[in-house]
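Please find below a colleague's note on the structure, set out as numbered points. It begins with charged side chains and then turns to helices, strands and single residues.

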Amino acid sequence: MERLSFASLTLSVMTSHKRLKLRQCTNCECVINGVWEWVEECARGAAAEEPAMRGILDDVCLSRNSLATSISARLARKLSRRDMPRELIEPLIREALTEDQNILSQIAQDLIAIVDRDPACRTPLEPLLFYKGFHAITTYRISHWLWQHDRTIMALQFQSLASEVFAVDIHPAATIGCGILLDHATSFVVGETAIIRDNVSILHEVTLGGTGKDEGKRHPTVCDNVLIGTGCKVLGPITIGENSRIGANSVVLTDIPANATAIGIPASVVRINGNKVVHESEVLNQRDYPDVVHAELAALKQRLDALEQRDTE
């Protein structure tokens, strides 16, 4: 008898139509239960295909009865240490998820977003078990719940654990929406007053930081459906407009309008609504992500050559 692979099994478990229904569902309980059923089916298939993984699959998924208990077990396994044992951490995570169903709904939406946007991810079981970006955002969600309930020291403890374990540092007071893809995650830093709206994709080594010792709102606001590339630094109380893209390694110091593409150091808008923004330096034939600094230097050189030519005449 032909043995079903994990990939072929997951395709039969969750069709594109069913995934679409999950993404469009506005009922929190429906989304949570739908994602949990998906995870359970994938876990059973994975356990059958890879018996050596049976231990972790049993602990995290197969012996659990809900997404809340599964998430609690996975995070506790990751975060526990001698002075914060699993016996202490797991009930605390479960308490947050039980008391605030909105957190669980956000987690379910995050899992759906990862499967939708990361071509390397086939099922929600994969980020639940292995993706530290998902683990880091979920740990933040617990620390944020603790912060909102005036459990400041424990909230900061969870922030510290996430920083040590995942190399991700998110202040528990920051505001982060749902449907977040934090890809690879290493060295992601988010300041206290930062706001990240819904359906945002962020790659590794991104900083949403402040610019000094200013008080009040001093960190960026990232609107819906934004993509921030690897290594970007977004600094100060600025806004990245919805549907915008920030190119890798850019340094953003001013507001970026909606539906824009910005790149460079400092970042410059090169497209709005899909149309190229014409700079003085646009004498060069640039690609989608032009080298703005090189182009500006080339334009300055042209002007300097023209001045020198005029002086010699």
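1. Which residues are linked in a network of salt bridges? In this predicted model, the network is made up of Asp59, Arg64, Arg77, Arg86, Glu90 and Arg94. The structure as a whole holds 15 salt bridges, and three individual pairs are taken up in the points that follow.

2. Within that network, the side chains of aspartate 59 and arginine 77 meet at 2.7 Å, N to O. Aspartate 59 belongs to helix H4 (residues 54-62) and arginine 77 to helix H5, so the salt bridge ties together parts that are 18 residues apart in sequence. The two partners can also be described by their accessibility: aspartate 59 is buried, with a relative accessible area of 17%, whereas arginine 77, at 34%, is partly exposed.

3. A second salt bridge joins the side chains of arginine 122 and glutamate 126, with an N to O distance of 3.1 Å. Here it is the acidic partner that is buried, since glutamate 126 has a relative accessibility of 9%, under the 20% cut-off, while arginine 122, at 43%, counts as partly exposed.

4. The third pair, aspartate 305 and lysine 301, likewise forms a salt bridge, given as 3.1 Å from N to O. Both residues lie in helix H11 (residues 292-312), where their spacing of four residues separates them by about one helical turn. An α-helix has 3.6 residues a turn, so residues three or four places apart point the same way. Aspartate 305 is partly exposed at 36% relative accessibility, and lysine 301 is exposed at 52%.

5. Helix H6 merits a paragraph of its own. Running over residues 86-99, helix H6 has 14 residues and reaches 20 Å from its first C-alpha to its last, which is close to the 20 Å expected at 1.5 Å a residue. Its buried residues are Ile89, Glu90, Leu92, Ile93, Ala96 and Leu97; seen down the axis of H6, they fall within an arc of 165 degrees, so they line one face of the helix. Glu90 therefore appears both in this buried set and in the network of salt bridges described at the outset, a placement that I would read with the cut-off of under 20% relative accessible area in mind.

6. What does the buried side of H6 pack against? The buried residues of H6 pack against four helices, namely H5 (67-79), H7 (101-117), H9 (132-148) and H10 (152-166). On the face of H6 turned away from this buried side, the exposed residues are Glu87, Thr98 and Glu99.

7. One of the helices packed against H6 is H9, and serine 143 has its place in H9. Serine 143 is buried, with a relative accessible area of 1%. Leaving aside neighbours within four places in sequence, serine 143 is in contact with Ala155, Phe158, Gln159 and Pro172.

8. Turning to the strands, seven of them form an open sheet of mixed pairing, in the order E3-E6-E9-E12-E14-E15-E16. Its edge strands are E3 (181-182) and E16 (275-276), each of which pairs on one side only. Inside that order, E9 (residues 227-228) and E12 (residues 245-246) pair in the parallel sense over two bridges, and leucine 227 stands opposite arginine 245 in E12.

9. Where does threonine 230 lie? Threonine 230 is placed in the loop between E9 and strand E10 (233-235). Setting aside its neighbours within four places in sequence, threonine 230 is in contact with Leu203, His204, Ala248 and Asn249. The C-alpha atoms of threonine 230 and threonine 207, which are 23 residues apart along the chain, are separated by 9.9 Å.

10. Some totals for the protein chain complete the note. Its secondary structure comes to 11 helices and 16 strands, and buried residues make up 48% of its 313 residues. Of the contacts with a separation of 6 or more, 44% are accounted for by residues 24 or more positions apart. The chain exposes about 15,500 Å², of which carbon and sulfur atoms supply 51%.

Key. Residues numbered from 1 in each chain as written. Predicted model: local features only at pLDDT ≥ 70, side-chain atom pairs only at ≥ 80, totals over all residues. Heavy atoms only, no water. Expected span 1.5 Å × (residues − 1). Buried < 20%, exposed > 50% of the residue type's maximum accessible area, 1.4 Å probe, protein only. Arc of directions from axis to C-beta. Contact = heavy atoms within 4.5 Å. Areas by Shrake-Rupley, 256 points an atom, 1.4 Å probe, with all protein chains shown as cover. Salt bridge = Lys/Arg side-chain N within 4 Å of Asp/Glu carboxyl O. Pairing = 2+ DSSP bridges.
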